[in-house]
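Trainee: I am new to this structure and would like a close look at a single part of it. Please take the side-chain contacts and go through them in one connected account.

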Amino acid sequence: MNIIQNYINEHYKEKITLEDLSRIAKISPFHLNRLFCLEIGITPYSYQIHKKIEKSKTLLLQTGSIADTALEMGFTDQSHFTRFFKKIIGTTPGKFIKSNKS
């Protein structure tokens, strides 16, 4: 699963489908999803979302713009980004920026 993990790490901003990943791994989408979950603990989709959110924290602190960060990370819109950010980090992007300002 390292090849899939590395691919997601390099292309996390892009739209990646399970079919794309299964072609890279040369196994069926179902089998890939199952193996990835067993080895990594989450689905490839969840892994990509977590990677986007982790990278977005740095960008938020640099730019201070939630909308720009959402677009840069490949989210559909600001509310889509905010929903995932709050679910994973436990706070909204705005509160995250305020609490991490120097």
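Mentor: Start with Phe81, which counts as buried because its relative accessibility is 0%. Keep in mind that the model is predicted.

The structure holds five aromatic pairs. In one of them, the rings of Phe36 and Tyr47 have centres 5.7 Å apart and planes at 75 degrees, so this pair is edge-to-face. Phe36 belongs to helix H3 and Tyr47 to helix H4, so the pair ties together parts that are eleven residues apart in sequence. Both rings are in buried residues: Phe36 has a relative accessible area of 0%, and Tyr47 has one of 13%.

Phe81 comes back in another aromatic pair, this time with Phe75; the pair is tilted, at 5.3 Å centre to centre and with 55 degrees between the planes. Phe75 is buried as well, with a relative accessible area of 4%. Ring pairs carry the contact further, linking Phe75, Phe81, Phe84, Phe85 and Phe96 into a cluster. Phe75 also has a charged neighbour: the charged end of Lys52 sits over the ring of Phe75, 5.0 Å from its centre.

Helix H3, which holds Phe36, can be checked for length. Its twelve residues, 29-40, should span 16 Å at 1.5 Å a residue, and the C-alpha atoms at its ends are 16 Å apart, so the two values agree. After H3 comes Gly41, whose phi is positive, near 105 degrees.

Now to the charged side chains. Side chains of opposite charge can pair when their charged atoms come close. A search of the whole structure finds three salt bridges.

One is between Lys13 and Glu72, whose closest N and O atoms are 2.5 Å apart. This pair links distant parts of the chain, with Lys13 in the loop between helix H1 (2-11) and helix H2 (18-25), and Glu72 in helix H5 (residues 66-72), 59 residues apart. Lys13 is partly exposed, at a relative accessible area of 34%. Glu72 also counts as partly exposed, at 40% relative accessibility.

Another salt bridge joins Asp20 to Arg23, with 2.6 Å between the closest N and O atoms. These residues are three apart in helix H2, so about one helical turn separates Asp20 and Arg23. An α-helix has 3.6 residues a turn, so residues three or four places apart point the same way. The two partners fall into separate classes of exposure. Asp20 is partly exposed, since its relative accessibility is 24%. Arg23, at 56%, is exposed, because the exposed class begins over 50%.

The side chains of Glu54 and Lys57 form a salt bridge too, at 3.2 Å from N to O. Here the setting is helix H4 (residues 44-63), where Glu54 and Lys57 are three residues apart and therefore separated by about one helical turn. Glu54 is partly exposed, with a relative accessible area of 46%. Lys57 is partly exposed at 22%, because the buried class covers values under 20%.

Helix H4 thus appears in both kinds of contact: Tyr47 in H4 pairs with Phe36 in H3, while Glu54 and Lys57 lie three residues apart in H4 and meet in a salt bridge.

How values were computed: Residues numbered from 1 in each chain as written. Predicted model: local features only at pLDDT ≥ 70, side-chain atom pairs only at ≥ 80, totals over all residues. Heavy atoms only, no water. Helix = DSSP H or I, 4+ residues; strand = E, 2+ residues; numbered from the N terminus. Expected span 1.5 Å × (residues − 1). Salt bridge = Lys/Arg side-chain N within 4 Å of Asp/Glu carboxyl O. Buried < 20%, exposed > 50% of the residue type's maximum accessible area, 1.4 Å probe, protein only. Phe/Tyr/Trp six-rings, centres within 6.5 Å; stacked < 30°, edge-to-face > 60°. Lys NZ or Arg CZ within 6 Å of the ring centre and 35° of its normal.
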